[in-house]
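I opened this notebook to record what I looked up on strands and their pairing. The entries follow the order in which I went through the model.

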Amino acid sequence: MSEQADILVIGLGAMGSAALYQLARRGVKAVGLDRFAPPHTMGSSHGETRITRQAVGEGRDYVPLVLDTHRIWRELEAETSAELLNPCGLVVMAPGVGETSHHGKPDFVARSIGAARDFGIAHEVIDGREVAHRFPQFLNLQGNEKAYYEPGGGYVFPERCIKAQLTRAEQLGATIRTGVEVLSIAQRGSAVRVETSSGTFEADQVVVSAGGWNAHLLGAPFDRVLTVKRQVLHWYELDGTSAYRANSPVFIWMHGATDVDYLYGFPPLPGDRRLKVATEQYETSTTADTIDRTVDPAESAEMYRKHVAGRLAGATPRVAQAAACIYTVTPDRGFIIDRHPDQDRICVVSACSGHGFKHSAGIGNVVAGMVTDGRSAIDLSPFSISRFS
């Protein structure tokens, strides 16, 4: 006997937990499956904090998603009494002269400013001198840096967001099955059959939001455009926290010409004497099952030498913690939110390409609309799989 559902959600990380919650809100008989027990550390949705910013320099198509996400997180906070979003402010900064790139987009500061102006998002355009005056944690600025400051930006707590959405989904009638590995997905007529380590599931529609496992589960054409990149998060001990005032923002600091010549980071959490920072790499691919999840101390030492030393007040080379995660990346670093081109009852969400969590609650809302009403509240054509044909 197979287990039946109206809609089956495969993968309950950032996107899947959001979709399951929104489906449950609509009264759908929804079942969520995950190979692990979310929130967990095996994918892309862990690490204590994630940056959120409303003026998205990756492109204006993303802005409606993040604005809806902030609305949903505030609703969830009211429903669950959990703190999910801390709008401590955001600084995006680049040298005053020379080319820069972030997530494959040139002049990311200017693109952020443009998005803010287009959508009426509160912001300021400031220079390195003003950044140093307001935020003394940033060291050795030249003064002519160009910076975008967004007071409504900040960070979210990813594990809390996932837990809150899954908790509310269950309360609203969804079924969650963890420790279930999906082996195959196939549409047969008007139903989708999913074989798992715990038996067979059948559903009218399936949402596949399995992140780094998507390419393996879906095959062509997704396996040709999705690659998995190992990323590392670092927490360094602080000698002191006096430079990190109550208004200390999260930051994206481009200090060179390419996508790897930058770092991003967070102010220390209340009572914490650690500073979390990271960069990104796109040269070396891996898979979700073969990634090296240990972090060599040499990786943290190199990160400190290349990106942290002399830039962040109080940061020492002493490593308090380090963790590996994965980005699932498309060739243009954009998302895929679309139906399978050959199996129209399978909806595919991801890859997030390293900037997805800030949009996740809004994407869950959009996906729930797609599979229940057959339409989306926003234009999803920029996220179509067909753009890679």
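Which side chains along strand E13 (residues 191-196) point to one face and are buried, and which point to the other? Before answering I noted that this is a predicted model, in which local features need pLDDT of at least 70, side-chain atom pairs count only at pLDDT 80 or more, and totals for chains, interfaces and linings use all residues. Residues are numbered from 1 along each chain as its sequence is written, and side-chain values use heavy atoms, with hydrogens and water left out.

Entry one, E13. I found that Val192, Val194 and Thr196 point to one face and are buried (under 20% relative accessible area, 1.4 Å probe, protein chains only), whereas Ala191, Arg193 and Glu195 point to the other face and are not buried. Strands here are DSSP runs of E, at least two residues long, numbered from the N terminus.

Entry two, the neighbours of E13. Strands pair if DSSP finds at least two bridges between them; I looked up 6 bridges joining strand E12 (residues 182-188) to E13, in antiparallel fashion, with Val182 opposite Thr196. Their hairpin has 2 residues between the strands, and Gly189 takes a positive phi near 65° there. Strand E14 (residues 199-208) also runs antiparallel to E13, through 5 bridges, and Thr200 in E14 is the bridge partner of Glu195. E13 and E14 likewise form a hairpin, with 2 residues between them.

Entry three, another sheet. I read the order E3-E10-E4 for an open sheet of 3 strands with antiparallel pairing; its edge strands are E3 (50-52) and E4 (85-86), each of which pairs on one side only. Between E3 and strand E10 (residues 154-156) I noted 3 bridges, with Arg50 partnered by Val156 in E10.

Methods:
Buried < 20%, exposed > 50% of the residue type's maximum accessible area, 1.4 Å probe, protein only. Helix = DSSP H or I, 4+ residues; strand = E, 2+ residues; numbered from the N terminus.
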